[in-house]
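Student: I'd like to learn how to read the cysteines in a model. Can you walk me through them?

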Amino acid sequence: MSLRTTVMSTISLYFPPNPLRRKIASTAVTFRRFYSLSTADFQTLTSTISPLSSPTAVAVASEFPSVSSNSSSARTIDLRYLSCSLPEKRPLKVAVLLSGGVDSSVALRLLHAAGHSCTAFYLKIWFQEDFENFWTECPWEEDLKYAKAVCGQVDVPLEVVHLTDEYWNNVVSFIINEYRNGRTPNPDVLCNTRIKFGAFVDAIGDMKFDFIASGHYAKVVHPDSSDKNEPSTLELSKDTVKDQTYFLSHLSQSQLKGLIFPLGCIQKEEVRGLAKMFELPNQDRKDSQGICFLGKIKFSEFVARHIGEEEGVILEAESGDFLGKHRGFWFYTIGQRQGLRLPGGPWYVVEKDVQNNVVFVSRNYFSVDKRRRAFRVGSLRWFSGSPPRQSSTQLQCKVRHGPGLYNCDLAIEEDGNGDEIGVVKLSEDDQGLAAGQFAAFYQDSICIGSGVILESWDDQGFPVCAKAIEIANMKDKSKIGKPVKIKNEESDHSKDNCETAIIEDTQSQRVTNAIVQ
C-alpha cells in the first residue's frame, strides 16, 4: 500500500468523518489538497498530526498489543483492524445491526473509523403482549440502553425496528413445529436467514443502504470487478473458535452480497481490547448466551408453554429396562445427558420413538461400535448456486457451531420427490448428529453452503433391543410396572443377553442403499 493511500486511510482515525463533513464546508477542499501533496510533503505533514480528543482516537491501554503509535501520548487503531470494513470503498452507506453487546458495538465503531456513513438499527423481537408477564425477564430495555449509549459516543443515529410478528411467524412457530416432530432445529441459523438478513432487509429496503453489517465473526469477500454476476464468498473468521460461518451457511448469494462483517479479521480478545480503547459503555458486558428471543427464560419453559407436557417412559436401549418417566420426547435431543434425572449415569439420549412418546437412553453412547459417521442432508443451499464438483480440494464439514471440521465425502442424489439429497460420509465418528440441525460444507477456508440433517443417517443407528421396542409399542404403559432399581454399570450384565434390533423406517433404508451403492 502506498504512503498516500495509508495516510488517507488513517485520516478517519484522527478526524471523525461524518460529523466533520457535515459541519465544515471546507473539509472537501482539505481532503483534495491531501491528494495533491507530494510524498515528501505527506511525510512532513503527517509527522505533525496529533489526534483530536474524540472517541475514535482514544488512547488505548498499554497492555493491549497490536496497536500502532505515532507519538508517546497517543495510540491509534492498527489499519489491519479495518481490513474487513472495506475502507478502500469509503464512504459507504451502511446499516449496522446493533444488539447492545460488545461485538456489534465494536463493529459499528470500526465501520465509523473506516469512514462510512452508519445508521444503527436495534431489532425488537421480544414478545410482550398476551403472554401473561411470561417475558418479564427479557433484558431488551437494558440492551437498548447500551445501544443508545454506544451510538451517542459518535453521533450515529439509532432506529428501533419492530419484527415481533415476523419472528414469530418465520422462526418461533417453525421451531415449535420441529420439536413436535422430534427434530432439533437451529434458531440461530433461522434467525439469520429469515430475520436479520431477511425481514429486516425488506423493512429498510427504501432507505437504499450499500451494505448491512453486524458483529458476526465471519468474513465476506466481495469481487473486485464490476461484474455483478460474480459471486461473493463466505470465509472462516480469523478467530476459528468464535467463527460463526456455521450460523450463516444457509444464506443465499443475494443476501451474502449485501453484507459486511467487520470482526471477521479480528480475534475475540482483540475485540475486547478495542472495546476498551473506544471506551465503550458496555466494554465489560458478558457475551450473550442462548436463543436471542428468550432472554433469561429457559428454553424448556418456553417449549412447555407452547407444546405442553405429556408423560412418557424412559427405556434403556440395550436391556429394555423401564428406568423412569419424562415430560415429553420434545424436551430431548440425541446425545443429551442433562435433564434425565437418572442415577448411576451418565446417561445419554440415544433414540426417540416419536409416535409412542418413548425416550431410549444408554450409558454406552460413546462406544466405538455405535458412533455415526454417515448421514443425509436435505434443504441444500449453495452460495454458488450448485453443489461442489469433484476436485482435488478436500471437502470439509461442520455439524455444529465451533472450530471442529471433519474431512468428508458428499454424494448428491434425488429423493422420491425429485429434491436434492446429500449423502455425507465423515472421516471420523461423531456422536451428536441430531435431525433438524445443519451441516455446513467448506472448501479450504471458504464456506460453500449447507443443508439440514435428516431423520436417518447410516445403516448402524444406535442398537435398541427387541424387548425395548416391544415395550415402546405397548398401548397401555401402566402394565410395565415400576421402574427398575438402576445398578452400577460395571455390575449390570443384563444387556448382554438382550437381542438387539435396529429401528428402521423407509428413509433409513434409503440411506443404507445409497451408502452401499
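Tutor: Let's go through the disulfide and then the free cysteines. This is a predicted model, where local features need pLDDT of at least 70, side-chain atom pairs count only at pLDDT 80 or more, and totals for chains, interfaces and linings use all residues. Residues are numbered from 1 along each chain as its sequence is written, and side-chain values use heavy atoms, with hydrogens and water left out.

Student: How many disulfides does the structure hold?

Tutor: In general, a disulfide is a covalent bond between the sulfur atoms of two cysteines. The cut-off here is a pair of cysteine sulfur atoms within 2.5 Å. The structure holds one: Cys84 is joined to Cys265, S to S 1.8 Å.

Student: Where in the chain do Cys84 and Cys265 sit?

Tutor: Cys84 is in the loop between β2 (75-76) and β3 (93-97), and Cys265 is in the loop between β9 (259-260) and α11 (268-277). The pair links distant parts of the chain, 181 residues apart. Strands are DSSP runs of E, at least two residues, and helices are runs of H or I, at least four, numbered from the N terminus.

Student: Is Cys84 buried or exposed?

Tutor: Buried means under 20% relative accessible area, exposed over 50%, partly exposed in between (1.4 Å probe, protein chains only). Cys84 is buried at 9%, and Cys265 is buried at 11%.

Student: Why is Cys397 not bonded to Cys408?

Tutor: Cys408 has the closest cysteine sulfur to that of Cys397, but at 4.9 Å it is too far for a bond. Cys397 is buried, with a relative accessible area of 0%.
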